[in-house]
Amino acid sequence: MLGFLTARQAGLDDPLRLRRAESTRRVLNLELNHDRDVDRIHSNGVNTIDIEVIEGRYMLSGGADGVIVVYDLENNSRKPQYTCKAVCTVGRSSRYVHRFSVETVQWYPHDTGMFVSSSFDKTMKVWDTETLKPAEVFQFEGNVYCHHMSPIARKHSLIAVGTKDQKVQLCDLKSGSRIQVLQGESHIHTPTHPYVLLYFTDSRVLVWDVRRASGSLFSLDQHNGDKSKASSEAVNTAHNGRVNGLCFTVDGLYLLTTGTDDRMRLWNSANGKNTLVNYGKVSNESRKGLKITVSRSCSPEFVFVPCGSSVAVYTLHTGELVTMLRGHYNNVDCCQFHPDYQELYSGGKDCNILAWVPVVRPPDVEEGTAVKVGGCTAGTI
């Protein structure tokens, strides 16, 4: 570390290089933290978690039991061993609780005073965090698989909602009405454009501008237009099986998709081209959507993917499997990367939320050299 600091102070090094090296080292040393527990509230599997970006302090979880929990991740005790407490819960005794499985929870991107949940009970609810009462309830004809709000939108308050009848409906928070319907199941807004969203239906992923109802901008093609490799079908496909996971990189330049064909693909989000990164077999037997996540401020960047009862960690642009994080007793359904501390939280069918935290290891090489762990190189600290 002294080598990095000296070079930066002398103007010989990029000021961000130390940050990237330390962030990378922390991710490469993620381990299950036995000194940190997360309150076990759910009586059934944890389907979804979300960490707010305003303070990075509060985490939401939604479970197959219909329960929603808000956790405080901060260590107020200042002791090495502590528990992330549930500060409030929408439990089975609440008159406002979802009757069936909660599939997605998401903080309002600009304020922790509000969050949104969607459920198999055919509703999406907009919650007031302080009162834990829904300020708005949207009813749908079919089960709601997921919803998503744009993280950067300022001129609109649209929420895209994916339902069982293979339609994405756009709901306006300001008016409380549904204003547009797109054909698809699940979706995610891009982090670079407030009006563009991606949604998938079966093996297809389409890019849509919500200001245009005439049709999608383009669809992702795993063969990049090579018809000799494609099947006889006229439509482009992103996977040979059902697509059940989407995730953008932090800068929005790339998109990751997972499918039941046991493949994960990395796409250029500007032109929809398959980058052809080979991640090998990514085991995927999930019947529902998987919540995958990516690291931030690392070099290289990493992607975290639920894989059975483990979380697989891959390098984003080379496809190398770095490690498998094992600790759950049943299948993992969701994971969320904490951008401020390079920590990972994962939830699974064992009803647990586990915290994966960087372990401090003594350097075993000379100052200023590089350490290679799992095929990735990071500066020595």
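Trainee: What makes R57 and D72 a salt bridge?

Mentor: The rule asks for a side-chain nitrogen of Lys or Arg within 4 Å of a carboxyl oxygen of Asp or Glu. For R57 and D72 the N to O distance is 2.8 Å, so the pair fits that rule. Keep in mind that this is a predicted model, where local features need pLDDT of at least 70, side-chain atom pairs count only at pLDDT 80 or more, and totals for chains, interfaces and linings use all residues. Residues are numbered from 1 along each chain as its sequence is written, and side-chain values use heavy atoms, with hydrogens and water left out.

Trainee: Why is D72 called buried?

Mentor: Buried means under 20% relative accessible area, exposed over 50%, and partly exposed in between (1.4 Å probe, protein chains only). D72 comes in at 9%, so buried is the word.

Trainee: And what makes D333 and K349 a salt bridge?

Mentor: Their closest N and O atoms are 2.9 Å apart, so they pass the cut-off too. D333 sits in strand β27 (residues 332–338), a strand being a DSSP run of E with at least two residues, numbered from the N terminus. K349 is in the loop between β28 (343–348) and β29 (353–358), so the pair ties together parts 16 residues apart in sequence.

Trainee: How do you know whether K349 is buried, exposed or partly exposed?

Mentor: Its relative accessible area is 38%, so K349 counts as partly exposed. D333 has 5%, so that one is buried.

Notes. Helix = DSSP H or I, 4+ residues; strand = E, 2+ residues; numbered from the N terminus.
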